[in-house]
Amino acid sequence: MAILRLVRGDITGEKVDAIVNAANQALVGGGGVDGAIHRAGGPDIMAACDRIRDSRGGCVTGSAVMTTAGKLDARAVIHTVGPRYRDGDAGEAELLASAYRRSLELARDNGLRTVAFPSISTGVYGYPIEEAADIAVGTVLEFMDMEPDALDEVRFVLFSDDDLAVYQGVYERLSGA
Ligand code: APR
């Protein structure tokens with residue numbers, strides 16, 4: 001049975017099998033957590049992203065790809081692309097759930113048993129944090145319920161106390177904790 005943990009911190013310092021990055025479709029890097037991961041992990045991560053872009057054009061929204069973790073204390077980085085938030089009626093919820101699900105499947109399929117997620121889409125991409133947390137925590141709990149032996153731990157690493165409090169509230173509501 002996998003456990004879900006919620007912590008506040010900088011995801012680049014996490015010691016896990018897989019660190020998930022909130023990337024863009026072109027995998028070209030950016031600000032936010034993407035910039036932090038490339039800075040801390042070094043150039044090998046971008047070199048691997050370049051190869052994925054050259055061979056298959058990048059990563060579509062709602063999907064995920066895997067690279068080396070470079071200098072990070074992890075075995076891999078899973079780059080997923082969340083949706084840009086428009087008005088909530090443009091399929092954003094399905095795409096965000098898909099980003100989490102595909103990342104979890106990629107971890108499972110590669111024997112990566114501990115996975116750290118940032119709060120995907122809630123920075124530059126503007127997804128309201130309450131709605132995003134609902135989808136993030138709900139999708140992870142559903143995956144753990146369906147596949148209890150696939151992973152050991154999923155950790156959400158939230159960058160602020162406010163974000164952590166939102167995720168904790170959602171977790172308590174959804175898990176009945
Ligand atoms: N560790 C954990 N969380 C972080 C870190 C970090 N080091 N740095 C930022 N965050 C948080 C932000 O505070 C936000 O809550 O990650 C969350 C996601 O924000 P973004 O990184 O802006 O990601 P997103 O909204 O999905 O936008 C993706 O931004 O950086 C570009 O290339 C990226 O184009 C893509 C877009």
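Three short exercises on a predicted model follow, each with a worked solution.

**Exercise 1.** Place Thr-114 in the fold, decide whether Thr-114 is buried or exposed, and find the partner of its side chain.

*Solution.*
- Start with the secondary structure. Thr-114 sits in strand β5, which covers residues 114-117.
- Next, check accessibility. Buried means under 20% relative accessible area. Thr-114 has 17%, so it counts as buried.
- Then list the contacts beyond four places in sequence. These are Val-16, Asp-17, Ala-18, Asp-152 and Glu-153.
- Finally, look for polar atoms. A polar atom of the Thr-114 side chain lies 2.8 Å from the backbone nitrogen of Asp-17.

**Exercise 2.** Describe the largest pocket: its volume, its lining and the elements that supply the lining.

*Solution.*
- Take the volume. The largest pocket holds about 540 Å³ of space.
- Turn to the lining. It has 28 residues, and those closest to the pocket centre are Ala-22, Gly-32, Val-33, Asp-34 and Gly-123.
- Sort the lining by class. There are 12 nonpolar, 12 polar and four charged residues.
- Assign elements. Helix α1 (32-41) and strand β6 (153-158) each give at least two lining residues. The largest share, five residues, is from α1.

**Exercise 3.** Characterise the surroundings of Met-144.

*Solution.*
- Locate the residue. Met-144 belongs to helix α4, residues 129-146.
- Apply the cut-off again. Met-144 counts as buried because its relative accessibility is 5%.
- Name the contacts, leaving out residues up to four places away in sequence. Met-144 touches Ala-2, Ile-3, Leu-4 and Val-154.
- Add a distance. Ala-76 is 68 residues from Met-144 along the chain, and their C-alpha atoms are 21 Å apart.

Definitions and conventions. Residues are numbered from 1 along each chain as its sequence is written. This is a predicted model: local features need pLDDT of at least 70, side-chain atom pairs count only at pLDDT 80 or more; totals for chains, interfaces and linings use all residues. Side-chain values use heavy atoms; hydrogens and water are left out. Helices (H or I, at least four residues) and strands (E, at least two) are DSSP runs, numbered from the N terminus. Buried means under 20% relative accessible area, exposed over 50%, partly exposed in between (1.4 Å probe, protein chains only). A polar contact is a pair of N or O atoms within 3.5 Å; within protein, one must be able to donate a hydrogen and the other to accept it, and residues adjacent in sequence count only if both atoms are side-chain atoms. Contact means heavy atoms within 4.5 Å. On a 1 Å grid over the protein atoms alone, a cavity is a set of points where a 1.4 Å probe fits but cannot get out, and a pocket is an open set with protein on both sides within 12 Å along at least five of seven lines; lining residues have an atom within 4 Å of a point. Grid points are joined across faces, edges and corners, and a volume is the space filled by probe spheres set on the points. Ala, Val, Leu, Ile, Met, Phe, Trp, Tyr, Cys and Pro count as nonpolar, Asp, Glu, Lys and Arg as charged, and the others, Gly among them, as polar.
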